Amino acid sequence: MPELRVSAPAKINLHLEVLGLRPDGFHELAMLMQTLDLADTLTLNPSADGRIQLDCDRTDLPLDGSNLIVKAGEMLRARAGLPELGARMHLEKRIPIGAGLAGGSSNGAAALLGLNALWGCGFGAGDLQAMATALGSDMPFCLDGGTQLCFGRGERLEPVAMAAAPPWGVLLIKHPASSVSTPWAYGRCREQRGSTYLDSEPAFEARREALRRGPLVAALQGAAPLPPIRNDLQKVVEPMVDSVREGLALLRQAPGTLAVAMSGSGPSLFALFPDLAAAELARADLAAELAAAGFEAWCCRCTGSGVSLV
């Protein structure tokens, strides 16, 4: 079997609403996620030694069984009942690590898709989605990608009916020294907003329906202007993390922005523009300020698919 290459794109949250707590202790979420063309590449080769091996062009990424790529490979092999299967994998990183962009989840989804093809396991889309759900909350979305409503822990997907991916350009920034713990962010959210959490399935469903029928989906379908982006975790992270507060202030200065927000639990931040050219113009306009503050910056497009063989 010749080597396979899989593209593993990043995502941003165009909406992240914390509804309340589930019986399993996780937070019940109502989100809208969007895939970007900023992507890692996972290269896979079969091996005859029954080992799942991973290396990376970054030295600060764990490559052992804690990595979702390795976990995905071990789960796929176990579900196939073929312990002799092996693979050598190389990850080329472009998505910043620990950034709220689902880079790790997308890498794990890429491993599920790629190894299923490399090993000839024959699992269908539903099987891969079930494995993705068991491995991580963002991973089911990363398999499919595009523009989707995501409910539950993020594993319940509802594609938004659109003719094409949004035309927006995205200016994405992150301070390389900054990190935000996702459990910490959700813990802060519970401390500060727990008294207002919804506590029943009918109440959760009412908020889901409000998002389905709200101005954001209408804007994505070209029927309304883009509303401000809601991210409940941003409300608790921004006051506490200097780079998030400073980066959002810088992005808000850029001319022509449609919206500015934090993605996921951060610390990555983004601004939306009418098209890629406008995003690139804004990056050039802010270049000196971003460099002085230590931020890295990327310009991206919205895309209509998730992980894919290339």
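**Close-up 1. Cysteines without partners.** In this predicted model, the disulfide count comes to zero. A disulfide is a covalent bond between the sulfur atoms of two cysteines. For Cys-150, the closest cysteine sulfur belongs to Cys-142 and sits 9.1 Å away, which is too far for a bond, given that a disulfide needs the sulfurs within 2.5 Å. Cys-189 doesn't get there either: its closest cysteine sulfur is the one in Cys-150, 18 Å off, so that's too far for a bond as well. Cys-150 has 0% relative accessibility, so it counts as buried. Cys-189 is buried too, with a relative accessible area of 0%.

**Close-up 2. Strand E5 and its two partners.** Here we look at E5, residues 147-152, where six of six residues are buried. Strand E2 (residues 27-47) pairs with E5 in the antiparallel sense, over six bridges. Strand E6 (residues 156-159) also runs antiparallel to E5, joined to it by four bridges. Gln-148 is a handy place to zoom in: Met-33 stands opposite this E5 residue, and its bridge partner in E6 is Pro-159. E5 and E6 make a hairpin with three residues between them, and Gly-154 in the turn has a positive phi of about 120°.

**Close-up 3. Arginines over phenylalanine rings.** Two spots to check out here. Arg-153 puts its charged end over the ring of Phe-26, 5.0 Å from the ring centre. Arg-208 does likewise with Phe-151, its charged end being 6.0 Å from the centre of that ring. As for rings pairing with rings, the count of aromatic pairs comes to zero.

**Close-up 4. Helix H2 and the glycine after it.** H2 covers residues 103-118, and 13 of its 16 residues are buried. A quick sanity check on the geometry: at 1.5 Å a residue, those 16 residues should span 22 Å, and the end C-alpha atoms are indeed 22 Å apart, so the two agree. Just after H2 comes Gly-120, with a positive phi of about 65°.

**Close-up 5. Pro-227 in its loop.** This proline lies in the loop between helix H7 (215-220) and strand E8 (230-231). Pro-227 has 16% relative accessibility, so it counts as buried, the cut-off being under 20%. Setting aside neighbours within four places in sequence, Pro-227 is in contact with Pro-215, Leu-216 and Ala-219. Pro-267 is 40 residues from Pro-227 along the chain, and their C-alpha atoms are separated by 22 Å.

Definitions and conventions:
Residues are numbered from 1 along each chain as its sequence is written. This is a predicted model: local features need pLDDT of at least 70, side-chain atom pairs count only at pLDDT 80 or more; totals for chains, interfaces and linings use all residues. Side-chain values use heavy atoms; hydrogens and water are left out. Helices (H or I, at least four residues) and strands (E, at least two) are DSSP runs, numbered from the N terminus. The expected span of a helix is 1.5 Å times one less than its number of residues. Buried means under 20% relative accessible area, exposed over 50%, partly exposed in between (1.4 Å probe, protein chains only). Rings of Phe, Tyr and Trp (its six-membered ring) pair if their centres lie within 6.5 Å; planes under 30 degrees apart count as stacked, over 60 as edge-to-face and the rest as tilted. A charge sits over a ring if NZ of Lys or CZ of Arg is within 6 Å of the ring centre and within 35 degrees of the ring normal. Contact means heavy atoms within 4.5 Å. Two strands pair if DSSP finds at least two bridges between them.
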